[in-house]
Amino acid sequence: MTAAIEDAVGELDDGDMRALLHSSVSNNVEVIVSLLAASREPNDLPPLPDAVRYAVELARHGVPGAPLRRAYHVGSDTLLAHVFDQVREVDCEPHEQLPLYHHLAGWLYQYVDEITRTVMAAHEDEVQSSHTRAARSINSLVRSTLSGENTDLAAFETTTGYRLDQVHLGCRVWIDEFGSARDQERLLSDVVRDLASGLTVAQPPLTVVTDRATAEVWFGWDRRRPSPRPSTVAPIAAATPRARISFGAPAAGVKGFRMTRDQAAQAATVARVSTSSHAHVVSYADDGIPVIARLVEDLPATRRWVGEVLGTLARDTDEAARQRDTLRVFLECAENYSDTAARLLLHRNTVRYRLTKAEEELGRPPGGRRIETHLALATCHMLGDAVLVRG
């Protein structure tokens, strides 16, 4: 039976594990024979320590549960063939042999159903325990590295599967307003997987789950790359309801590992506070984000400052929003009417009209107090009505 399982299930054909497999097979056969001899039900299982130990060791060696489940079906088929031969040798009337075989086949089916539930539960428990132990080990090492402790680069890579001697892009992924949903880790994993694909990362990223709905992630490259544009990443966030993403700026080495993570955390404050769809993905490398992240720390003061700089343009109305967007793009386009019209898909005359209205609201030319005006407009664009004047 051991040989039949090894031949049929390649994942279990491991010389180092053969003795454990044989012990598991022997344990099951002995229990089957003893239960049948005592006319006991197949679900009346005694402890099967060797069978359970084999399931646990498979989990520790990274062998998934499917081969283990299949092994029991192969073993059952092998045993049924032997049972069929034995039934043919029983000294009874021929018409009594078939019911006997059916009885034994049904009994064995129930036994396999019961024992597979037992060993699969042991396998899954060990998988979860191994996952938890590995996650704790990785989290501990990452925390010590972030806190400034000296880190052995080789030991870090061995434990985490991630290299510190490369260029890092720190990222924070979370599910906003997740409520009582219990599958957030799976959603986070899906987002990280899609990000790794979209960013063309050659090696798996390092992911540390910090709470039920938040993960810190590092993507690594051998060479420095430009920061990802939020607009290109936005579809990934949009594919998962309420997913939010923030990036740091690319940085190299252990110092860069720490710095890009801190930057991603600062950029995340913008996305957490914002009510604007523009801020579902935020990058620290984008213009104004480091400053806006600081302004988020005191929203009442920021709201007052925005009102002082923009006047009635700081109102939470559709008209004010149109004028703010037109003025913001105008300043980003170096006060070029044609470029502004092209970006907003508007006629030049419409742009001129809106800018004239904005100048009247501001009480100064669009380029007056340029730095303050531009920053206030960018703050409104990123944070939405969190910094607007209501009414």
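# A tour starting at Arg-369

Select Arg-369 to begin: this residue is partly exposed, with a relative accessible area of 41%. On that scale, buried means under 20% relative accessible area, exposed over 50%, and partly exposed in between, using a 1.4 Å probe and protein chains only. What you have open is a predicted model, where local features need pLDDT of at least 70 and side-chain atom pairs count only at pLDDT 80 or more, while totals for chains, interfaces and linings use all residues. Residues are numbered from 1 along each chain as its sequence is written, and side-chain values use heavy atoms, with hydrogens and water left out.

**Two loops with positive phi**

Stay on Arg-369 and check the backbone: phi is near 45°, a positive value in a residue other than glycine. Most residues other than glycine have a negative phi. Colour the flanking elements and you'll find Arg-369 in the loop between helix H14 (348-362) and helix H15 (370-383). Helices here are DSSP runs of H or I with at least four residues, strands are runs of E with at least two, and both are numbered from the N terminus.

Now hop to Glu-335, which isn't a glycine either but has a positive phi of about 60°. Look for Glu-335 in the loop between helix H12 (318-332) and helix H13 (337-344). With a relative accessibility of 34%, Glu-335 counts as partly exposed.

**Zoom out**

Show the whole chain as a cartoon: there are 15 helices and six strands. The radius of gyration, taken over C-alpha atoms, is 32 Å, well over the 21 Å that the globule rule (2.2 Å times the number of residues to the power 0.38) gives for 391 residues, so the protein is more spread out than a compact globule. Turn the C-alpha trace along its principal axes and the span is about 110 × 50 × 35 Å.

Switch on a surface next. The accessible area comes to about 20,600 Å², with 51% of it belonging to carbon and sulfur atoms; the method is Shrake-Rupley with a 1.4 Å probe. Of the 391 residues, 43% count as buried. Among contacts (heavy atoms within 4.5 Å) between residues at least 6 apart in sequence, 70% join residues at least 24 apart.

**Strand E4 and its neighbours**

Select 243-247, which is strand E4: five of its five residues are buried, so E4 is largely enclosed by the rest of the structure. In a regular strand the side chains alternate between the two faces of the sheet. In E4, Ala-243, Ile-245 and Phe-247 sit on one side and Arg-244 and Ser-246 on the other, and both faces are covered.

Add strand E1 (residues 167-175), which pairs with E4 in the antiparallel sense over five bridges; two strands pair if DSSP finds at least two bridges between them. Click Cys-171 and you'll see Phe-247 of E4 opposite. Then add strand E6 (residues 281-283), which pairs with E4 in the parallel sense over three bridges. Here the bridge partner of Phe-247 is Ser-283.

**A hairpin, then a helix**

Move to strand E2 (residues 206-211) and strand E3 (residues 214-221), which run antiparallel and are joined by five bridges. A hairpin connects E2 to E3 through two residues. To see one bridge, pick Val-209 and its partner in E3, Ala-215.

Last stop: Gln-86, in helix H4 (residues 65-89). At 44% relative accessibility, Gln-86 is partly exposed. Draw a C-alpha to C-alpha distance from Gln-86 to Tyr-101, 15 residues apart in sequence, and it comes to 9.4 Å.
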